[in-house]
Amino acid sequence: MPRKKIDITLPDLTGKRALITGASDGMGLIMARRLAAAGAEVIVPVRNRTKGENALATIRATIPDAAVSLRDLDLSSLESVARLGETLRAEGEPIHLLVNNAGVMSPPDRQTTVDGFELQFGTNHLGHFALVSQLLPLLREGRARVTSQISIAARSGNINWNDLNGTQRYDGMKAYSQSKIAFGLFGLELDRRSQELGWGITSNLSHPGVAPTSLLAARPELGRTGDTPEVRVIRWLSARGILAGTVESAGLPALMAATAPATKRGLLFGPMGPGRVGGTPGEQPLFRPLRSMNDAARMWERSEELTQVKLPTA
């Protein structure tokens, strides 16, 4: 029996400028194509220009008049993040939609970013924290919708406040979970501070459930030379419509979070099927590790200390 297609309708985004990280392949590329099809001008920041050009060609193959363009970005380098911020601020165009979608997952061995942070914490969380700070004037001008893509892995686990970078004991999956909890706390604190300080930014969270994306596939640059057993199982389940979603459906919660009515803020969007691993997207309760406002404020402050990026207090 064929799988029932799951989809949502996006509003008209003509005149909106959107930026989506991790959009050179997988669900990020599909989200970029959907935003472009809805009329948005879409910026795709990439580490690999060739891969980025191929992504733009893919989008233009179905949307010939798509307003899509590349910029350079390596989220594992705070210097690269700062350069992108400088570039976009110099362009002077407000940003209306920001989807923080890029991420890395459980490299076989502990690795570090250019700046010495544990790779997952530094890329998934700190890189995006710094990106938002760099783009804050443009986000405020655009009264932006910011969507932070977390993971179902954030529904359990905790923050090791005494060893955020996993230098004392490293477990790849625990470090991944921590990076996504930290990122979720940041997204919620961003919305709280925006309301308190009048920034005009609306911040929501999303998670894709479980789908056959590239996160657990072969990634030679991470030291993973072959696909993991987990991704093989996920592909098998997805192909048969059993619990897991598809690459296409996995991006829908983020698109919903990014384009939901302006009154919806500080929420988590994800698949609503059994186990929250697949199905139609919708609002769902915050995962337990994300419910402490004190933890959210603390993570914001620690992130400022680590990145040496101070966001305004007015």
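In this predicted model, the lining of the second largest pocket leans on polar residues, with eight of them set beside five charged and three nonpolar ones. The space inside the second largest pocket comes to about 360 Å³. Its lining is made up of 16 residues, and those closest to the pocket's centre are Asn 160, Arg 169, Lys 174, Ala 175 and Gln 178.

Next come the nonpolar cores. In soluble globular proteins, nonpolar side chains tend to be buried together. Here the largest nonpolar core takes in 47 residues. The members that touch the most others in this core are Leu 88, Leu 135, Leu 139, Ile 150, Ile 159, Leu 290 and Met 299. Four helices, α3 (78-91), α4 (119-141), α5 (172-197) and α9 (293-307), each put at least two residues into this core. Helix α4 gives the largest share, ten residues. A look at Leu 139 shows how one of these well-connected members sits among other residues. With neighbours within four places in sequence set aside, Leu 139 is in contact with Ile 95, Leu 98, Val 132, Ala 144, Val 146 and Ile 201. Apart from the largest core there is another one, made of 34 residues, including Ala 55, Ile 63, Leu 97 and Leu 255.

Aromatic rings add another layer to the picture. Searching the whole structure turns up four aromatic pairs. One of them joins Phe 129 and Trp 300 in an edge-to-face arrangement, with the ring centres 5.5 Å apart and 85 degrees between the planes. Phe 129 belongs to helix α4 and Trp 300 to helix α9, so this pair ties together parts of the chain that are 171 residues apart in sequence. Phe 129 has a relative accessible area of 1%, so this residue counts as buried, the cut-off being under 20%. Trp 300 is buried too, again at 1% relative accessibility.

Trp 300 also pairs with Phe 186, and this time the geometry is tilted: 5.6 Å centre to centre, with 35 degrees between the planes. This pair, too, links distant parts of the chain, as Phe 186 lies in helix α5 and Trp 300 in helix α9, 114 residues apart. Phe 186 is buried, just as Trp 300 is. Taken together, ring pairs connect Phe 129, Phe 183, Phe 186 and Trp 300 into a cluster. The helices that carry Phe 129 and Trp 300, α4 and α9, are also among those that supply at least two residues each to the largest core.

Note on methods: Residues are numbered from 1 along each chain as its sequence is written. This is a predicted model: local features need pLDDT of at least 70, side-chain atom pairs count only at pLDDT 80 or more; totals for chains, interfaces and linings use all residues. Side-chain values use heavy atoms; hydrogens and water are left out. A nonpolar core is a set of buried Ala, Val, Leu, Ile, Met, Phe, Trp, Tyr and Cys residues joined through side-chain atoms within 4.5 Å. Buried means under 20% relative accessible area, exposed over 50%, partly exposed in between (1.4 Å probe, protein chains only). Contact means heavy atoms within 4.5 Å. On a 1 Å grid over the protein atoms alone, a cavity is a set of points where a 1.4 Å probe fits but cannot get out, and a pocket is an open set with protein on both sides within 12 Å along at least five of seven lines; lining residues have an atom within 4 Å of a point. Grid points are joined across faces, edges and corners, and a volume is the space filled by probe spheres set on the points. Ala, Val, Leu, Ile, Met, Phe, Trp, Tyr, Cys and Pro count as nonpolar, Asp, Glu, Lys and Arg as charged, and the others, Gly among them, as polar. Rings of Phe, Tyr and Trp (its six-membered ring) pair if their centres lie within 6.5 Å; planes under 30 degrees apart count as stacked, over 60 as edge-to-face and the rest as tilted.
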